[in-house]
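Please look through the entry shown below before turning to the numbered points. They take up the surroundings of the ligand and then one residue of the protein.

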Amino acid sequence: MEIHARGLVKAFRGARALDGFDLAVPAGSVHGLLGPNGAGKTTAVRVLTTLLRPDGGTARVAGHDAVSEPAAVKAAIGLLGQHAALDEVLSGRQNLELFGRLHHLGAKEARRRAGELLERFGLAETGSRPVSGYSGGMRRRLDLAVCLIRSPRVLFLDEPTTGLDPRARAEVWESVRSLVGGGATVLLTTQYLEEADRLADRISVVDSGRVIAEGTAGQLKDLLGGDRLDLVVREHGELERAARIVERAVGARPAADADARRLGVPVADRIGALTSVMRALQEEGIGVEDIAVRRPTLDEVFLHLTAAKEES
Ligand SMILES: Nc1ncnc2c1ncn2[C@@H]1O[C@H](COP(=O)(O)OP(=O)(O)OP(=O)(O)O)[C@@H](O)[C@H]1O
Ligand SMILES: [Mg+2]
């Protein structure tokens, strides 16, 4: 395993940010840590990148122990933090060359590597302009280039796209994907199921400092019974009757939100469910204001997983 954590514990003033955290990531794969604010994602990344000493458990990265061999771990990794440190006055190219020099590359090699990375991240043209004029997406791509200046074996990306608009987010995703082609192992934290879905081979869902579920994006969504069908009926008084019709059509009892006149139910076959529900409601003369099939949200994955945890 290229990244291996077992039973990690870390407490801040008695409160456990990590509480028996386990993780195993094979070399050459992308692993997502998915969890809400305060779940412990950044704390896990800080322990694995040697920035924080755990109170208990073990952490190994690239074959070295994060506590007893921090220098060896540091030499093998790159870290994209939640808040990056670029020099605003310098150009993208100058920032990259500076980081290259800081990491003991010669002047010539630093220049060559900077040019290569600007090219790779689509920054070749903007590379000579000061960073102060960069958009959020350009900054994040430059951050990524900075972490790669030494070609790390293992790359940690802490919320690489938080705060970016959908277009910039897609640009960063593209950059991360191109990285993995180079054979690196990537651990990525995110609050977005979609991001983990697009980038990660496997995902660990983190809550209250521990992993509560692990698998491929497909496996996690299957825990919820696949997609969701939502509909809003026109008349408040018809909600109960509509619920019975939906139940008959898809074979599962929908959850009802009376105030919003809304019904929601998990469905396995998107189009089949949409068609049969629409037809059944029409036949019964029930007016529908809105109807849609959608992927489960992170909230729903969480509610489902935490509810399952409480029941067991
Ligand atoms: N240096 C610190 N001092 C005190 N408490 C901390 C410290 N770092 C983290 N915590 C606490 O540990 C818990 C986990 O925080 P962490 O930053 O790891 O969460 P996260 O999953 O990265 O959240 P986010 O999505 O908001 O980045 C939180 O309750 C947080 O308040
Ligand atoms: Mg964090």
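How far does a polar side-chain atom of Gln 191 lie from an oxygen atom of ligand 1?

1. The distance is 3.3 Å, taken between a polar side-chain atom of Gln 191 and an oxygen atom of ligand 1; the reader should keep in mind that this is a predicted model. With its surroundings in place, ligand 1 has 64% of its accessible area covered by the protein, out of the 630 Å² that the ligand has on its own.

2. Two further side chains offer an N or O atom to the ligand: that of Asn 37 has such an atom 2.8 Å from an oxygen atom of ligand 1, and that of Thr 43 has one at 2.6 Å from an oxygen atom of ligand 1.

3. Ligand 1 is surrounded by 14 residues, of which the closest are Asn 37, Gly 38, Lys 41, Thr 42 and Thr 43. Sorted by class, this shell consists of 7 polar, 4 nonpolar and 3 charged residues, and its largest share, 3 residues, is contributed by helix 1, which spans residues 41-48.

4. Turning to Arg 234, this residue is placed in the loop that links strand 11 (227-233) with helix 9 (239-250). Apart from neighbours within four places in sequence, Arg 234 is in contact with Arg 261, Gly 287, Val 288 and Glu 289, and the side chain of Arg 234 comes to 3.2 Å from the backbone oxygen of Val 288.

5. As for Gly 56, its C-alpha atom is separated by 56 Å from that of Arg 234, the two residues being 178 residues apart along the chain.

Key: Residues numbered from 1 in each chain as written. Chains lettered and ligands numbered in written order. Predicted model: local features only at pLDDT ≥ 70, side-chain atom pairs only at ≥ 80, totals over all residues. Heavy atoms only, no water. Near = heavy atom within 4 Å. Polar contact = N/O pair within 3.5 Å; in protein donor to acceptor, adjacent residues only side chain to side chain. Areas by Shrake-Rupley, 256 points an atom, 1.4 Å probe, with all protein chains shown as cover. Helix = DSSP H or I, 4+ residues; strand = E, 2+ residues; numbered from the N terminus. Nonpolar A, V, L, I, M, F, W, Y, C, P; charged D, E, K, R; others polar. Contact = heavy atoms within 4.5 Å.
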